[in-house]
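Dear colleague,

I am handing over a structure for your consideration. Please look through it first; my account of what was found in it follows below.

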Amino acid sequence: MHKKTINLRLAVVCMAAASVGLSMVIVSISKLLLVICGLLVLLWPHRSEDGVRPQLSRLAVTYFVLAAIFAFALSLLWTVAPQDDALGSLAKYGKLITIVLFLALIRNRREARYALAAFMLAQVFLLASSWMLFFHLPVPWATSNMAVLQFAVFSSYLDQGIMGAVLAALCWHLRGLAPGRFGRPIAIAIALAALGNVFFVLSGRSGHVVAIALLSLAIMWEMPRRFRPMVVVIPFLLALALFFTSTKVRERLTMVETEVAAYSTKMEPTTSSGIRLGLWRRAVQIIEENPVFGAGIGSWSTEYNRIERSENPAHQDIAGNGNPHQEYLLWGVQLGIPGLLLFCALLLAVRRDSLRMEQPYARATQSVVLALAVASAFNASIYDALIGDFFCVLTGLMLAAGWVDQWDAGAHPPALGSA
């Protein structure tokens with residue numbers, strides 16, 4: 001029975017790790033099983049050797065995840081949003097708890113590597129599917145017209161680009177841990193294939209920016225310390241090189257320039273960039289009106305519609321599950337400036353916890369944090385379905401992989417990850 005319990009727990013963890021990036025049905029089922037399994041472990045009255053380890057309290061991310069969920073729940077007391085919108089948004093941010101659940105359920109480095117392998121295999125499956133679509137090969141599991149046109153199977157090209165960039169970073173930083181004689185070159189090959197897919201196949205500008213940021217960080221870590229300040233120019237050099245070598249990047253960068261110029265002269269948010277700029281402007285207005293407590297959980301659509309109607313009575317209301325396509329501003333709208341700072345603190349907490357990991361895990365985890373920070377500047381990367389699950393699951397998985405053996409050793413190792 002004891003062995004079966006362990007196997008079931010590990011199976012749930014691996015299923016959750018593999019699910020992100022697949023269909024929302026699989027993601028939802030996996031999350032439900034993860035939550036049930038996690039709650040059983042967290043609430044079990046008699047803690048055996050398989051119980052929740054008290055060292056979990058040593059991680060800063062635990063406190064900030066709980067603080068964020070508590071703050072959103074507390075804002076139900078003053079939210080201006082309809083109850084359905086407020087509760088729906090609270091459920092969306094509830095995915096943050098998966099970070100803590102992974103830390104509670106993964107017990108040793110062996111289990112962490114099983115879960116990480118499940119995650120990698122699923123992401124490689126998505127990557128291979130995208131390349132197959134690009135070369136017009138049959139992909140029976142890609143059933144939508146959007147998949148055929150955008151080369152992303154279960155998600156949009158925007159999400160797929162971000163996930164591909166993160167996959168490349170993980171394969172590169174963890175290449176030395178790949179099993180087998182050919183593990184290292186295979187990991188490097190996957191990283192290159194993922195970068196090629198992001199830059200030359202997919203059209204997501206967020207994915208391009210995230211990939212450039214992660215590639216710049218990886219280059220900086222490979223440089224001697226005295227040259228690392230050059231990292232400030234590396235992204236611009238990479239962007240310039242890609243502008244002349246990648247048609248996808250060149251078209252999307254040119255489009256951004258055109259759309260921003262059109263918005264700045266006409267203030268007509270009819271393009272992708274123009275819509276984002278218009279939403280961000282409204283979000284700043286809402287934060288200025290409610291700087292301390294915000295307008296409450298799920299309030300974005302209500303407040304946006306209110307301001308738009310005040311200037312244009314013919315405005316057609318947006319749906320209650322909308323967002324300003326920016327995670328920082330979304331937290332500011334709902335929780336005021338303290339909420340915006342709380343989100344930044346959550347990111348910094350993950351980085352802080354990564355600093356005492358072994359170097360490969362530390363660098364991989366810090367790459368995930370950077371990807372989330374950059375992606376959140378252009379999208380609601382926690383609030384949105386699928387990409388939000390991707391980041392929460394991967395953050396919990398990487399922290400668990402880097403910390404579990406330290407918990408068993410009962411001592412802090414040297415700060416290898418700070419290098």
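A residue counts as buried when its relative accessible area is under 20%, and as exposed when that value is over 50%. Please note that the model is predicted.

On that definition, 51% of the 419 residues of the protein are buried. The protein has 17 helices and 0 strands. Its contacts between residues at least 6 apart in sequence join, in 73% of cases, residues at least 24 apart. The exposed surface amounts to about 19000 Å², and carbon and sulfur atoms supply 69% of it.

Two residues illustrate the two sides of the definition.

The first is Ile387, which belongs to helix α17 (residues 387–409). Ile387 counts as buried because its relative accessibility is 3%, and the cut-off is under 20%. Leaving aside residues up to four places away in sequence, Ile387 touches Asp159, Ile162, Met163 and Ser381. Asp159 is 228 residues from Ile387 along the chain, yet their C-alpha atoms are separated by 6.0 Å.

The second is Phe293, located in the loop between α13 (272–289) and α14 (300–311). With a relative accessible area of 54%, Phe293 is exposed, since the cut-off for that class is over 50%. Phe293 also takes part in a nonpolar surface patch of about 650 Å², together with Phe70, Leu74, Leu77, Trp78 and Val292.

Yours faithfully

Notes. Residues are numbered from 1 along each chain as its sequence is written. This is a predicted model: local features need pLDDT of at least 70, side-chain atom pairs count only at pLDDT 80 or more; totals for chains, interfaces and linings use all residues. Side-chain values use heavy atoms; hydrogens and water are left out. Helices (H or I, at least four residues) and strands (E, at least two) are DSSP runs, numbered from the N terminus. Buried means under 20% relative accessible area, exposed over 50%, partly exposed in between (1.4 Å probe, protein chains only). Contact means heavy atoms within 4.5 Å. Accessible areas come from the Shrake-Rupley method with a 1.4 Å probe; for residues, only the protein chains shown count as cover. Patches are made of residues with over 30% relative accessible area and no salt bridge: like charges are joined within 9 Å, nonpolar side chains (Val, Leu, Ile, Met, Phe, Trp, Tyr) within 5 Å. A salt bridge is a side-chain nitrogen of Lys or Arg within 4 Å of a carboxyl oxygen of Asp or Glu.
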